Every structure is written in structure tokens, then in C-alpha cells.
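Colleague: I would like to learn how to read the relation between two copies of a chain, and then what lies between them. Could you take me through it step by step?

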There are 2 protein chains.
Amino acid sequence: MSGRIRNQQFAAKVVEADEAAELIRPGDNVGMSGFTGAGYPKEVPEALAKRVAKSHEQGDPMKVGLWTGASTAPELDGALAEVEGIDLRLPYQSDPVSRQKINEGRLDYTDIHLSHVAQRVWQGIYGDLDVAVVEVSGITEDGRLIPSSSVGNNKTWLEQADRVILEVNSWQSEGLEGMHDVYYGTALPPHRKPIPITHPSDRIGEPYLDCPPDKVIAVVETESPDRNASFTPPDATSEQIAGHVLDFFELEVRSGRLPRELLPLQSGVGNVANAVLAGLGEGPFDGLTAYTEVIQDGMLQLIDSGKLQMASATAFSLSPTAVERFNRNTADYRDKIMLRPQEISNHPEVVRRLGCLAMNGIVEADIFGNINSTHLMGSKIQNGIGGSGDFARNAYVSIFVTPSQAKGGDVSSIVPMVSHVDHTEHDVDVIVTEQGLADLRGLSPKKRAELVIERCAHPDYKPALRDYFQRAQQSAFGLHTPHLLDEALSWHHNFVQRGSMR
Amino acid sequence: MSGRIRNQQFAAKVVEADEAAELIRPGDNVGMSGFTGAGYPKEVPEALAKRVAKSHEQGDPMKVGLWTGASTAPELDGALAEVEGIDLRLPYQSDPVSRQKINEGRLDYTDIHLSHVAQRVWQGIYGDLDVAVVEVSGITEDGRLIPSSSVGNNKTWLEQADRVILEVNSWQSEGLEGMHDVYYGTALPPHRKPIPITHPSDRIGEPYLDCPPDKVIAVVETESPDRNASFTPPDATSEQIAGHVLDFFELEVRSGRLPRELLPLQSGVGNVANAVLAGLGEGPFDGLTAYTEVIQDGMLQLIDSGKLQMASATAFSLSPTAVERFNRNTADYRDKIMLRPQEISNHPEVVRRLGCLAMNGIVEADIFGNINSTHLMGSKIQNGIGGSGDFARNAYVSIFVTPSQAKGGDVSSIVPMVSHVDHTEHDVDVIVTEQGLADLRGLSPKKRAELVIERCAHPDYKPALRDYFQRAQQSAFGLHTPHLLDEALSWHHNFVQRGSMR
């Protein structure tokens, strides 16, 4: 025993993962912990996948509904998708195997605003939640659960599930205890009250998750690292994008539209995001805060540099090096990091009130400022919308960032018409590529188009975009948003047909 | 003098409309009152339009930026658009003349979530507001302004404008005094606090608008009715749609997903909305409330029938008959109707907290559940997104309603791919046509497509939709959201080319 289970009632329920997985029934809806590769259960999902594989061999295939916080890891999404053990996947995924199965039409997936999930589960939209499989970093003497490296939807899973399987992962830092803020004040309408957060550092809940011991049908001990991808230093493109974003912030401060300490930052995951954060570490802004989904390497560095006072999120997403640093010095971060349930980290009410500066990556943007965050060529899902909609719609400034081209230049990230819309023209303030920044606020569609083409498009694609826009203004059905309907999606069609938008 | 101006300081500023219009300078940004044809200034805009026309004759054309609450009337939008006196129009319009000018490319228009406008004006996104032209129904002895039949953005205009022109309209009912709730507690981040509304009836502000008298450069007396379109009794199609919506509510109540008194209703304007409200008047639900933008005839009838306890909105939109009834019996409605600023009536925080049941009309829906609320054939603006995004994204259930076809059957409201997206697949719960209702909650895109085609499409278009979806599943680039890129917009293209989607 790891010593992490300090309560006897829970300790008495310790079993092996295989045994725990046997307690999940075919057809169950299973709510698992996990958000961006942090805090997902490490052993029960693989044991469940083995069971599923066996059920296929026996000619009676078993499937479960799989609900999580957000993305997880190969041991969870990958393993269960591989054996086709998932009936309906929600609300987000980024696993290569599950992505492939979805795009082959072999796995049903519904892609949901991350702030909506808890409410909808309470509402009963997805059916009953049968089992929760939740990783924790420990269990206190009095039976409270110490969350691990993500909170996600765990509060909801533990409340809503009939049966609960816990994984206690002794790899997680003991220093996590006290770093979470689990708010138990949500309700369904008409019983909702204001969420009393007016600053990212406001603590409104408890550091522990509650779970009635009699719902717990198994406890599994693990000692396994999170899926922590190694950190790639920002490339030139990311640094150029970051430079444009920082220039924009400086201009906004000089113009009096942003305070000197900016407003709470929200930042998607990935290289560009990390580059922006790195840039902020060297920039003129002090006393920064973050109200975001994920604490990544760049955030930790910003805290280390003293620039970032406080980061509120629902999960970590760190490189192995950063995890090691964090685990060694957890106490130093105790009053600077808070992890909350994702219904709070992403809550429209709080995001709007705090006035977050939202920065999110995209698949493509169109000249009129519509954003596709999820689909390749209109049909193939990449990951999902995640929290980008929660933040962009309610942000003080919603910024979308992307390299101007992909696939070695065969794909332009700026297109005449996006092949799928996740953020409408009404929700997009600023688009940034390494080429430049287009501030679309207050502009009519045609003015936006000029700016997006001239500032953001790659030089290789600029002439074709100008030509499209020019011709559309001559012959479109209407001149508010001039489009050529027989050509608007031809760039994507060309890519599908011959591998290039050129 | 009408006796409506009970303060001497304001009374001393009374001038004719022509004189007031002279005080507006070329290039000014002008914030005017008005929301769905209620409470807009009746005389100064036309006087301004005359001035603009003269400036054209003199070879030195004058234009102003025109900002309102939402739509207004021919005397405002129509008059100013006709003489091409508008530089940039925001945030919404529904006027035939201005629509035509926009679609001819002669008028710049930016179409904004109605809850976003005040914040963005405070933020300085649209430049400085030079002049406010605001209709009120009276001025008290101590110089407070009694709002008229809409509140809209008036609080913001009066606070932000350098100079203020008031129109005091004695046509408006004196009984309006006390019916408004103007909240002065908003701020820019990082100074925002929770908005303390937990029930549609909560009064959190004051019944008057404040304006420093020294900003007031002119007061104009008018006696003119609002643009009140006559009420058309629901046709068979609207009644069928309403019937499906009511069946859905009953099912939700029986399933325990909605309380018996439902949740606060939000309803767009128009025939279908009125039909749903009429249906509720005859339905089994009591103790209803509304938290919505607009009080229309159906809402008034629901109050009269005793079914609707309380309606919070930002404006009236009544037929002449209903206005007469309201004006005659204003006292009866005093504790059942409250008009608030549109930043509060549409605030995401409040809409989400109350859990509104949002019902909005659309232009078209696609088989995967994306909604176009604004554009004809991808390019021509109809009206604008209005508050539909504020409500749909944050609703407890977001319902979109439309007849299944338009233009005598030449246009299908259900298409393979919408030609413009205002509400993404992530924001659309239920689609209803006279054919039936598709409850899309919790479904993957392909399952949604089956349901939308089978339940909502008109029989004349069903075979073609089935055929498209069938073939897309055979050859799309990915099978999450199977589309045929060279065909997805062909229905719209056909309509543009030969006048029919058939």
C-alpha cells in the first residue's frame, strides 16, 4: 500500500484493476476523470479494454458510453477506441486512435462546450451515469478525496454515478493537497445563485471532493505518470505570432483599453500558446493573472519569473521537466495555482465578469472572420471545440492564432469560407498569424476581409484570396458578405482531390 | 407644451426637430434609442435625413455612425439609409431600405450580439460616441428621465455621449413611469460584480435614466406612435410548429427535466413566436415567467390569461390593438412587466443562471444542426443575429423554429450545409418545423442528420437530403460530419442561378 489511502473504509476496498473493471457492465455510461492528459485513470481503462477485446472474441461485443473532462491519453481513449469499446464519446478527445475511429465512422462522438457538460449531465440529456472512474492523489483520514492533477467533471461524476471506482495514484505530488477549489454551490435552474468569483484568486469551495463511501465499489492503487508531452521550444513562426499578440497588448494598454496588468489570461494549449506566455515573461507587464483551463509550461515559467501572480485552471498540462520542477517545489506554487471544476473554470458567467483575454488556436479562419476549430476539410474531426467557445464568446478580447499555412504550404489557414464553423463572425475579435494581426473589432464583413487577407494570409495565397474577394464583390447574390457559392469551398475540395489548395 | 417635461432646466431647451438636427455634426457617431420599433426618436432622425439630403445637393455629403438598441422604423433607419447618411450601422437592423443599401454594398453594417454592444462602446471599440438621441416618455421635476417603450442601450448612450438630444413623446403612456429597471452597477473588468438577478421579477436598479442636464443640448417634443405592426393571427404552419414545441415541453416536464411551471421563456418576435405563446395560453402550464428581449402580443395575452406571472424584457413590440389595451390598462401590468437595459435583458450571466427556454426563428438549418439566422444564400443580410446568440448559447434548452420551406417551396429551410453560420452545432438543442421536432441533444452529427431530415424537412426535399447524406457517407473526406464539398452549397447556388433549390 502506498500510504495514500488514510481511511480504512476505503482501504478495505482496494482491488486490482482487472477486478475493478469487471464491475463495469456492458452498456454502462462511464464518467472518467482526465483533462488534457492529466489526472485520468491509469489502469482501469486498459483493464476494461482487455475485457472488451475478450467480449469481441466471444461474439458478444461490449461497449460503454465514455464521458470525461476533456482529452486523456493512449491508456484511456486510445485503448478503448482501439478495441471499439466506446458507444458514445463526449465531450472532447485528441487521441490519434479515437480520432481515426471517429473519422472512419466507427465511433460516435459529440463535441460539446466544456462548460456545458456538467449541467447537461445533471439535466439527464445523456442518460444516467452508471459508473465513475476517478483518479485521486489520496484519501484523507475522514474519507475526503484529494484531487489529482485535474478536476474536470469529477465532482459531477462522483455525485451522479451510481457506482464509483477510484484510482489512487501515488505518482501524483502529495503537495497537491489544498491546491484545489471544488465548488458545491451549483444547482439546476430555477435554483441557481451567482457564482461568487470576482478575481481569479477567489476561493469559493473546498479543497476536497466528496463521495459517499458506500457508492465506492473498488479502489485501485497506481503509480503512473500523466501523459506529459515533452516541451518543444517555440519555433520562429510561433515567436512571430507571439510578437504580434504582445504588440497588440501594448497598443491596447497605451490606448487605455486594457489595464497595465492586462486582464486574466486564457490560453489554449500548444506551441503558439507557450510562445505567447514566454513572450509575456520578457514583456513589460507585471501583476498578471490567468483564468484558464490548463496550466502549461509557459504558465509555470511566468509564475517562476514573478510576472504571473495567480493562475486558476482545471488541469495541468506540463512537460516531464516542468512536472518534475512542480513536484519538487509544489509548496512554492500553493498560493499561485488553483484547480477548479471545469464548469467553473470555463463558466460563461465568470469568464464574462473577469473579462478574460482569450487566446486559442484554430484549424482555419475565413476572410470574413469565421473560425473553424475542429474539422479538416469540413468532415474530418481533429479534436473538438473544448473550452474555446466558453472563453471566446465571453472574453473581453477574443484572439485566435494560427500559422498562416500548414502541410508544407499545401493548406492555407486563411480561406474564402471555412469548411466548418465553431466561432462565428460575431465572436472573433482578432486573428493572428506569423504574417501579422487583424483587429476585426467594429468592422463590417468586407472591411474584415480586406484586413484578414492583407495582414494574415501567407503571401503564396494572397493573390488568390484577393482575386476571390474581388470577383465576389462583382457577382455575389448580396454584397454584405460577398461569396461565390460555387467556389467558396473549392480550396478544400482541391485539397481533398489533389492534396493541395494551391 | 405637453406637460411631460416637469423640470424647468430641461423645458428651457425645447426646440424644433430641425434645429436639434443641426446640432449633429458630419462624422459624428450618434447613439439613438429604439428596439424592435419601440421607443426610437420620431422626428430628429428625419430632420437629420433632410440635412443629409441637402448636403448631397451641396456636393459635400454628410454621414454619421448610427448605433441603436436594435431595429427601429422607417422614420429612422429608413430615412437615414435612403439618403445614404449612415457611415457604419450597428448592431442590428430590419428596415427594408437599409437592408437593400447594405446588400448593394452602399452601407457598412456590423451585426453584433446585442448583449455585447454596451461593453464594447465602453471599451471604445467603435470610437467615441458624440451624440445621443433618446426618446423618453417624460422628465420628472428633479430632472430624471422616464424611459419610453424600450430601454435598449439608452443608459449607455446617455453616459457615453458628449451631447444629448432628448425627444419627449407624449404619445407614450404616462403609466410607463415605474415600469423600468435601469441597473447602474455594470463596470468594465476588473471591476465587475455579480449581477444580482436570480428571478425574472428581481428589481436591481432604478425606474429612471440619469443624464446630467448640462449634456443636454436640445429637447424636442413629439406625439407619435411607435412602429406597431398589426398582429396577424397564427397560420396553420405556425400553429403546427407551436404544437410540436408544446408537446416537447410536456414531455420534458413528464421526464422531470423541466419543472411544471417551466423555466423563464425567451421568445423571438414574429408569427411563430406568437403562436407558441398562444399555445401556452391554452396549455397546462401555470405560473410561467419570461426573461426575454421583447414583450409582444402573445406575452400580453399570456399575462391577461393569468398564465404568465412576470415578463422581463428590454422593449415592447405590440400591435396597435395591443398597445391600446396596454395604454388603457397600464396599471394592471405594472407588477408583471419590467423593462431593463439590453445588456441586462440579454446578459449571458443572467440567461445562464435563470436557465431560459430560448425560442428563436431562423433562416435555415443544416442536417448537422448548424443554424443560419442572418444571411440569404450566404451573402445577403436579412436582419441580424440580435439576441438569439445571447440566449441560445446560455439557454437551458435552445430551440430554433422555422417553416420547413419558403418562397412557395423554392427554398428548403433544411439544407445540406447552411450558407452562413450564426449558431454552431454546439449551441443547437432542438429544431422544429411544421413537419416535426428534432431533439438533437446528446447526438453525434450523423445521428442528428438522420433526425433533422426525417423529422423536420419538407417531404418535397426529403429524398434529395437523404440522397446527399447517403452519398456523403460513402465518399466524404471524413465520416464525423460527412459532406460533399463540391455539392454542399449547390442548393443555394441553384436558387441564385435559377430561382429554386429544387
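Colleague: By what rotation, and with what shift along its axis, is chain B superposed on chain A?

Modeller: In general, two copies of a chain are related by a rotation about an axis and a shift along it. In this predicted model, chain B is brought onto chain A by a rotation of 180° with 0.0 Å of shift along the axis, at an RMSD of 0.0 Å, and that is the relation of a two-fold axis. The C-alpha of chain B nearest that axis belongs to Glu349(B), 2.2 Å from it.

Colleague: Through which surface do the copies meet?

Modeller: They meet through the same surface, because 100% of the interface residues of chain B are also interface residues in chain A. In this interface 87 residues of chain B contact 87 residues of chain A, and the area buried between the two chains is about 7500 Å², with carbon and sulfur atoms giving 53% of it.

Colleague: How many salt bridges are counted between chain B and chain A?

Modeller: The count is 6 salt bridges, and Glu349(B) takes part in a salt bridge with Arg353(A), whose closest N and O atoms are 3.1 Å apart. Helix 14 of chain B, residues 348-354, gives the most to the side that touches chain A, with 5 residues.

Colleague: How many disulfides does a search of the whole structure find?

Modeller: A disulfide is a covalent bond between the sulfur atoms of two cysteines. Over all chains, the search finds 0 disulfides. As for individual cysteines, Cys456(A) counts as buried because its relative accessibility is 0%, and Cys211(B), at 6%, also counts as buried.

Terms used: Residues are numbered from 1 along each chain as its sequence is written. Chains are lettered from A and ligands numbered from 1 in the order in which they are written. This is a predicted model: local features need pLDDT of at least 70, side-chain atom pairs count only at pLDDT 80 or more; totals for chains, interfaces and linings use all residues. Side-chain values use heavy atoms; hydrogens and water are left out. Copies are superposed by least squares on the C-alpha atoms of residues with pLDDT of at least 70 in both. Contact means heavy atoms within 4.5 Å. A disulfide is a pair of cysteine sulfur atoms within 2.5 Å. Buried means under 20% relative accessible area, exposed over 50%, partly exposed in between (1.4 Å probe, protein chains only). Buried area is the accessible area (1.4 Å probe) that two parts lose on being put together, summed over both. A salt bridge is a side-chain nitrogen of Lys or Arg within 4 Å of a carboxyl oxygen of Asp or Glu. Helices (H or I, at least four residues) and strands (E, at least two) are DSSP runs, numbered from the N terminus.
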